[in-house]
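Please look over the structure below. The report that follows takes up its covalent links, its strands and its charged pairs.

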Amino acid sequence: MGTPRREACSRLVVLVGLLLLLWSSWLSAEAAQERAVAAFTSAWSGVDDGCGFNCTGCGAVSARRTLLGWQVDVEYACGLLPADVPEYHRRATLFVSVLGTVHGLGAR
């Protein structure tokens, strides 16, 4: 067991490390949106008549900082659309962690 001063210093280092991890300053909203769009596109690549962002106003529409990452809202369309209007678009919320992994794609 170390001295009280050493223990306090260790606790301070751990606390600062946890705060940095929670804040994730190295992951910006733009980077989180790019990762979410890339993961979504990758998940649907090779699927005939699948989902994608080839529609007006589609892509990452917003990002909100959350605990341990970002929530990114994406708007997309699936299949052959009779018209490119918002009524045929869908929305999903994806989570981009502080490590850059994307979650919430679900089953296709």
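## Disulfides

In this predicted model, the S-S bond of Cys-51 and Cys-78 has a torsion of about 100°, so the disulfide is right-handed. The pair links distant parts of the chain. Cys-51 belongs to strand β1 (residues 51–52), and Cys-78 to strand β3 (residues 69–78). They lie 27 residues apart. The S to S distance is 1.7 Å. Both cysteines, Cys-51 and Cys-78, are buried.

The structure has two disulfides. Besides the pair just described, Cys-55 is bonded to Cys-58, with 1.8 Å between the sulfur atoms. Here the torsion about the S-S bond is about -105°, so the Cys-55 and Cys-58 disulfide is left-handed. Cys-55 and Cys-58 are both buried. With the bonded cysteines numbered in sequence order, the pairing reads 1-4, 2-3.

## Helix α1

Helix α1 covers residues 4–23, a run of 20 residues. At 1.5 Å a residue it should span 28 Å. The C-alpha atoms at its ends are 29 Å apart, which agrees.

Just after α1 comes Ser-24, with a positive phi of about 50°. Another cysteine, Cys-9, has 47% relative accessibility. Cys-9 therefore counts as partly exposed, as the value falls between the 20% and 50% limits.

## Strand pairing

Strand β2 (residues 59–66) pairs with β3 in the antiparallel sense, over seven bridges. Arg-64 stands opposite Gln-71 in β3. The two strands, β2 and β3, form a hairpin with two residues between them. In that turn, Leu-68 has a positive phi of about 70°.

Strand β3 also pairs with β4, again in the antiparallel sense, over eight bridges. Tyr-76 stands opposite Arg-90 in β4. Strand β4 in turn pairs with β5 (residues 102–103), antiparallel, over two bridges. Phe-95 faces His-103 of β5 across that pairing. The hairpin of β4 and β5 has four residues between the strands. Gly-100 in this hairpin takes a positive phi near 90°.

## Asp-73 and its surroundings

Which strand holds Asp-73? Asp-73 lies in strand β3. Its relative accessible area is 12%, so Asp-73 is buried. The cut-off for buried is under 20%.

Two polar contacts involve the side chain of Asp-73. One joins it to the side chain of Ser-62 at 2.8 Å. Another joins it to the side chain of Arg-64 at 2.6 Å. With neighbours within four places in sequence left aside, Asp-73 is in contact with Gly-59, Ala-60, Val-61, Ser-62, Arg-64, Ala-92 and Thr-93.

## Salt bridges

Side chains of opposite charge can pair when their charged atoms come close. How many salt bridges does the structure hold? There are two. Arg-64 and Asp-73 form one of them, with an N to O distance of 2.6 Å. Is Arg-64 buried or exposed? Neither label applies: at 36% relative accessibility, Arg-64 counts as partly exposed. Its partner Asp-73 is buried, at 12%.

A salt bridge also joins the side chains of Glu-75 and Arg-91, at 3.1 Å from N to O. This pair links distant parts of the chain. Glu-75 is in strand β3, whereas Arg-91 is in strand β4 (residues 90–97). The two residues are 16 apart in the chain. Glu-75 has a relative accessible area of 11%, so it is buried. Arg-91 has a relative accessibility of 55% and therefore counts as exposed.

## Strand β3 in summary

Several of these features meet in strand β3. Cys-78 of β3 is linked to Cys-51 of β1. Asp-73 lies in β3 too, and its side chain forms a salt bridge with Arg-64. Glu-75 of β3 is tied to Arg-91 of β4. The strand pairs in the antiparallel sense with β2 and with β4.

Key
Residues numbered from 1 in each chain as written. Predicted model: local features only at pLDDT ≥ 70, side-chain atom pairs only at ≥ 80, totals over all residues. Heavy atoms only, no water. Disulfide = S-S within 2.5 Å. Buried < 20%, exposed > 50% of the residue type's maximum accessible area, 1.4 Å probe, protein only. Expected span 1.5 Å × (residues − 1). Polar contact = N/O pair within 3.5 Å; in protein donor to acceptor, adjacent residues only side chain to side chain. Contact = heavy atoms within 4.5 Å. Salt bridge = Lys/Arg side-chain N within 4 Å of Asp/Glu carboxyl O. Pairing = 2+ DSSP bridges.
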